Amino acid sequence: MLLPQTKLDAVLGDRTAKALARHLGLQTVADLLQHYPRRYATRGELTPIREIPLGEPVTVVADVVSVSERYMKGKKGSILEVVITDGSATGNMGKLTLTFFNQAWRQKELRVGSRGLFAGKISSYQGKLQLAHPDYELFPDEISEADAQKWAKLPIPIYPAAASVTTWAIARSMAIVLDTLEALPEIIPTEIASNENLLSIAEALRRIHQPEVESDWKTARETLKFTEAFLLQSILVKRRFDNTNLTATPRRSIDDGLLAKFDAELPFKLTKGQSEIGEQISQDLAGSSPMNRLLQGEVGSGKTLVALRAMLVVADTDGQSALLAPTEVLANQHFNSITKHLGDELSRELGVTLLTGQLSTQQRKQALLQIISGKAKI
């Protein structure tokens with residue numbers, strides 16, 4: 001039995017495990033199980049050979065009627081040609097040629113009389129319908145038409161793959177892991193799982209990787225999405241709780257300080273929302289534990305202004321604040337916006353400093369010196 005932390009080389013063999021690790025970064029059973037399909041394909045409705053349209057992917061149920069190997073002219077290697085028929089018509093109308101280059105070993109399984117499902121994109125060569133290197137699945141000696149139809153409708157997981165690790169290889173590895181996996185502990189409390197109509201983790205993993213119908217992977221995806229969100233929120237709640245046990249320097253604005261000066265020179269009145277959230281942030285900053293807060297608002301609602309007022313509270317107690325931006329363009333925009341709000345005098349007093357990756361060496365040294373010395377309050 002397997003545990004999620006089990007290394008893949010203990011399950012799949014050294015060669016497969018190394019390929020999964022090297023090309024996809026998958027090291028453990030848990031890594032593989034969380035390598036979800038990026039989409040699902042279907043083998044499609046079974047198509048009579050005589051109705052096959054050229055250039056479109058199709059799937060047929062057919063019997064192998066002949067197998068032959070011929071060597072290529074002027075080149076090394078051989079071509080294996082397998083003729084199949086669905087019995088829908090006489091002559092070539094009901095026949096299809098499968099071609100495999102340098103894969104003579106397939107003769108051992110594609111024997112005359114074999115029956116299976118053959119899928120691929122149809123082309124025409126020398127007046128004959130052809131499938132080059134098709135995907136196929138051979139049936140046992142006895143299989144009903146109903147079972148063949150059921151197999152044709154199974155959703156096919158398509159995984160993020162690499163040239164050396166195909167989606168089919170990943171699916172085979174997944175099947176091995178799922179068949180030997182130990183029972184997994186449930187993450188979501190029973191009451192919540194019941195209220196949200198969630199699957200068990202084990203069932204969700206099986207359905208996402210081995211769905212029998214379309215609804216399987218859809219319901220599994222909802223369970224896994226909810227679980228991921230629940231875990232993230234739980235971690236954030238725990239982190240917030242842990243923060244209450246940490247000590248932070250209380251930051252309180254002063255009556256005639258930087259914030260008071262800034263507010264007095266504002267050419268407009270703060271909105272009710274800006275005032276209320278500003279007061280809440282000030283109360284948090286005045287506490288003895290770190291503040292954690294998400295400020296959310298529409299474009300143009302004054303989020304930067306609210307953040308700037310909080311930074312001024314910190315500056316009033318000789319602290320420093322950093323405003324991080326995801327791009328240099330946005331960093332420059334914030335820098336210009338903040339210095340405009342502050343005005344020349346306050347900007348100089350606060351030592352507002354811009355630090356980006358594109359600064360020259362001299363500019364970067366100067367910015368870092370401002371920050372390290374504490375002259376840059378923002």
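Modeller: A crossing of two helices is called right-handed if the near helix is turned clockwise from the far one by less than a right angle. With that in mind, we can look at this structure, which is a predicted model.

Biologist: What is the handedness of the crossing of helix 8 and helix 11?

Modeller: The crossing of helix 8 with helix 11 is right-handed.

Biologist: Why is helix 8 called roughly antiparallel to helix 11?

Modeller: The axes of helix 8, residues 258-265, and helix 11, residues 328-350, come within 10 Å and cross at roughly 165 degrees. Angles over 145 degrees count as roughly antiparallel, and therefore helix 8 is described as roughly antiparallel to helix 11.

Biologist: Which residues make the contact between helix 8 and helix 11?

Modeller: Helix 8 contributes Leu258, Lys261 and Phe262, while helix 11 contributes His341, Leu342, Glu345, Leu346, Glu349 and Leu350. Sorted by class, this contact of helix 8 with helix 11 has five nonpolar residues, three charged residues and one polar residue.

Biologist: Turning to Arg207, which lies in helix 6, why does Arg207 count as partly exposed?

Modeller: Its relative accessibility is 23%, and the partly exposed class lies between the buried cut-off of 20% and the exposed cut-off of 50%, so Arg207 counts as partly exposed.

Biologist: What makes the link between the side chains of Arg207 and Glu203 a polar contact?

Modeller: The side chains of Arg207 and Glu203 are joined at 2.9 Å, and a polar contact requires a suitable pair of N or O atoms within 3.5 Å. Leaving aside residues up to four places away in sequence, Arg207 also touches Leu199, Asp216, Trp217, Thr219 and Ala220.

How values were computed:
Residues numbered from 1 in each chain as written. Predicted model: local features only at pLDDT ≥ 70, side-chain atom pairs only at ≥ 80, totals over all residues. Heavy atoms only, no water. Axes fitted to C-alpha atoms, helices over the stretch in contact; angles between N-to-C directions. Helix = DSSP H or I, 4+ residues; strand = E, 2+ residues; numbered from the N terminus. Parallel < 35°, antiparallel > 145°, perpendicular 65-115°, else oblique. Contact = heavy atoms within 4.5 Å. Nonpolar A, V, L, I, M, F, W, Y, C, P; charged D, E, K, R; others polar. Buried < 20%, exposed > 50% of the residue type's maximum accessible area, 1.4 Å probe, protein only. Polar contact = N/O pair within 3.5 Å; in protein donor to acceptor, adjacent residues only side chain to side chain.
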